[in-house]
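Me: I'd like to go through this one slowly and ask where the labels come from. Can you walk me through it?

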Amino acid sequence: DIVVMPPDRLVKIPSDINPEVAAFSEIISVGYHSISRFLEFSHKRRNLIGIWGDGNMAFLITLLLRYRLPKSKLVVFGKNKYKLEYFSFADETHLITDIPSDFAPDHAFECVGGDGSEPAIDQIIDYINPEGTISILGVSENNVPINTRMVLEKGLRIYGSSRSGREDFLDTAKMFAEHPEIVDYFTNIISEVIEVNDISDMKMAFEKDIRKSYGKTIMLWNV
């Protein structure tokens, strides 16, 4: 088989990087891109950042924030206590039903998506400090209403990210090389590695991925 690809679309991953983590470097680069835009848009008071979500995107955003903003306090909010236990690099984790009354983040990242987008964004708008920046990363199939009155009253900035470019892939590869320990953290969200020898193995991998409650399914191609 021959794959035709312009050379400037290819990014070399260090040979000593775990290939199972490299397999989902695209979504990591999306998170990297979102944080790069956040650093460009947001004001410089970044003492306290809230992350809503306890899935894969919340995990990688929190981990990337830990390395890119090491002095910021990171607090994660989720629905599942067992998932929040994976966020060992966060400063605090809380259930969304148990948010401290005095919690007031400077900025926030929404990584929930689906039906949970609306309540997550509502909570963020309620708790965030005036003039904060909200990054929307959770994908929803439905229109999500936003309390624009409070957005205006607090002077908030909201932006969305779901893509990345070549520079983000280059920066992600560089991060892997400079901080190999971050690759070890990312292995925590690999839920299963399935060897694919034929089409039936592919079908099984997709069916297992749909049923899993957490993590990434890696397909190891032997065809």
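**Where the labels come from**

Reply: Sure, and keep in mind that this is a predicted model. Let's start with M5, which sits in the segment before α1 (19–22).

Me: Why is M5 called partly exposed?

Reply: M5 has a relative accessible area of 40%. Buried means under 20% and exposed means over 50%, so a value in between counts as partly exposed. M5 also joins V3 and L10 in a nonpolar surface patch of about 310 Å².

Me: What makes α2 and α3 oblique to each other?

Reply: The axes of helix α2 (residues 25–41) and helix α3 (residues 56–68) cross at roughly 50°. Under 35 degrees would be roughly parallel, and roughly perpendicular runs from 65 to 115, so an angle between those ranges counts as oblique. That's why α2 and α3 get the word oblique. Their axes come within 9 Å, and the crossing is right-handed.

Me: How do you know that R45 and D106 form a salt bridge?

Reply: Their side chains meet at 2.9 Å, N to O. The cut-off is a Lys or Arg side-chain nitrogen within 4 Å of an Asp or Glu carboxyl oxygen, so this pair passes. R45 is in the loop between α2 and β1 (48–52), while D106 is in the loop between β3 (92–95) and β4 (107–110), 61 residues apart.

Me: Is D106 buried or exposed?

Reply: Buried: D106 has 5% relative accessibility, and the label needs a value under 20%. Its partner R45, at 38%, is partly exposed.

Me: What makes R66 and D91 a salt bridge?

Reply: Their closest N and O atoms are 2.6 Å apart, and the rule asks for within 4 Å. R66 lies in helix α3 and D91 in the loop between α4 and β3, so the pair ties together parts that are 25 residues apart in sequence. R66 counts as buried at 17%, whereas D91 is partly exposed at 43%.

Me: And why do K208 and E192 count as a salt bridge?

Reply: Same kind of check: the N to O distance for K208 and E192 is 3.0 Å, and the limit is within 4 Å. K208 lies in helix α9 (residues 199–211) and E192 in strand β7 (residues 190–196), so parts 16 residues apart in sequence are tied together. K208 is partly exposed at 28%, and E192 is partly exposed at 30%.

Me: How many salt bridges are there by this rule?

Reply: The count comes to six.

Definitions and conventions. Residues numbered from 1 in each chain as written. Predicted model: local features only at pLDDT ≥ 70, side-chain atom pairs only at ≥ 80, totals over all residues. Heavy atoms only, no water. Patch = residues over 30% accessible without salt bridge, like charges linked within 9 Å, V, L, I, M, F, W, Y side chains within 5 Å. Areas by Shrake-Rupley, 256 points an atom, 1.4 Å probe, with all protein chains shown as cover. Helix = DSSP H or I, 4+ residues; strand = E, 2+ residues; numbered from the N terminus. Buried < 20%, exposed > 50% of the residue type's maximum accessible area, 1.4 Å probe, protein only. Axes fitted to C-alpha atoms, helices over the stretch in contact; angles between N-to-C directions. Parallel < 35°, antiparallel > 145°, perpendicular 65-115°, else oblique. Left-handed = near helix turned anticlockwise from the far one by under 90°.
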